[in-house]
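Please find below a short note on the aromatic pairs of this entry, with a remark on one proline. The sequence and structure come ahead of the numbered points.

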Amino acid sequence: MASAKYQLPKLPYAYDALEPAISKQIMELHHSKHHQTYVTNLNAALDKYSTATSSNDIPTQISLQAALHFNGGGHINHSLFWQNLTPESSAGAKSSAAPKLIEKINATWGSEKAFKEKFNAALLGIQGSGWGWLVKVEGEKEDRLIIQTTKDQDPVVDPGHVPIFGVDMWEHAYYLQYLNGKAAYVDNIWKVINWQTAEERFLGTRGDAFKILKASI
């Protein structure tokens with residue numbers, strides 16, 4: 001049984017398109033090297049898992065769970081991340097491109113400013129490497145928004161949880177440009193958040209958010 005082969009997704013913009021918030025050097029390394037490594041290692045783990053499944057080798061299947069989790073999470077997180085960024089000059093970079101989402105943010109945190117302050121605090125509170133996410137939690141009567149952080153490359157995959165946008169807080173996402181100035185990176189990334197994509201994810205389903213993964217097979 002052949003396993004799926006994932007590919008590095010193409011960026012919807014040039015490597016230098018997010019400057020000055022995120023440098024061309026960081027984007028090129030982050031996308032073509034770091035994300036590519038997750039894809040390569042995920043495919044290798046899936047191949048081994050497929051062989052182990054065919055031979056009923058349960059110990060090997062179990063031993064591969066960590067590699068699948070880490071590299072699969074890295075592929076998921078980065079695929080979502082590239083799509084939730086956009087050049088500062090684009091219409092999608094303005095929060096007015098997400099009227100329904102901003103309405104819900106205001107109802108949840110009081111104002112867009114208060115939300116960003118809470119989100120920034122969550123990002124800067126991550127110990128080690130991880131991600132910060134705005135997540136829609138689907139409910140029977142009403143959906144709600146939460147701020148969630150995940151460790152290392154853990155993705156947002158809980159049933160009913162829809163990742164609206166995420167921010168990569170691994171050092172490779174900012175260090176070459178900001179050095180130890182994480183706070184400046186966190187402040188500047190708001191300039192290139194794709195609110196249009198965020199609105200689409202907010203109004204859509206969990207399956208809609210993760211459809212980017214099908215495109216990478």
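The points below concern a predicted model and take the aromatic rings before the proline.

1. The model contains 16 aromatic pairs. In one of them, phenylalanine 81 and tryptophan 131 meet edge-to-face, with 5.4 Å between the ring centres and 90 degrees between the planes. This pair joins helix α3 (residues 65–83), which holds phenylalanine 81, to strand β1 (residues 130–137), which holds tryptophan 131; the two residues are 50 apart in the chain. Phenylalanine 81 and tryptophan 131 are both buried.

2. A further edge-to-face pair is made by phenylalanine 115 and tryptophan 190, at 5.9 Å centre to centre and 75 degrees between the planes. Because phenylalanine 115 belongs to helix α5 (residues 112–124) and tryptophan 190 to the loop between α7 (182–189) and α8 (195–203), the pair ties together parts 75 residues apart in sequence. Both phenylalanine 115 and tryptophan 190 are buried.

3. Phenylalanine 115 and tryptophan 190 also belong to one aromatic cluster, together with Trp109, Phe119, Phe165 and Trp195.

4. A charged residue is also placed at a ring: lysine 136 lies over the face of phenylalanine 202, 5.8 Å from the ring centre.

5. Is proline 20 buried or exposed? With a relative accessible area of 62%, proline 20 is exposed, because this value is over the 50% cut-off. Proline 20 is located in the segment before α1 (24–54). Leaving aside residues up to four places away in sequence, proline 20 touches Glu88, Gln177 and Tyr178. The C-alpha atoms of proline 20 and isoleucine 126 are 24 Å apart, with these positions 106 residues apart along the chain.

Conventions: Residues numbered from 1 in each chain as written. Predicted model: local features only at pLDDT ≥ 70, side-chain atom pairs only at ≥ 80, totals over all residues. Heavy atoms only, no water. Phe/Tyr/Trp six-rings, centres within 6.5 Å; stacked < 30°, edge-to-face > 60°. Helix = DSSP H or I, 4+ residues; strand = E, 2+ residues; numbered from the N terminus. Buried < 20%, exposed > 50% of the residue type's maximum accessible area, 1.4 Å probe, protein only. Lys NZ or Arg CZ within 6 Å of the ring centre and 35° of its normal. Contact = heavy atoms within 4.5 Å.
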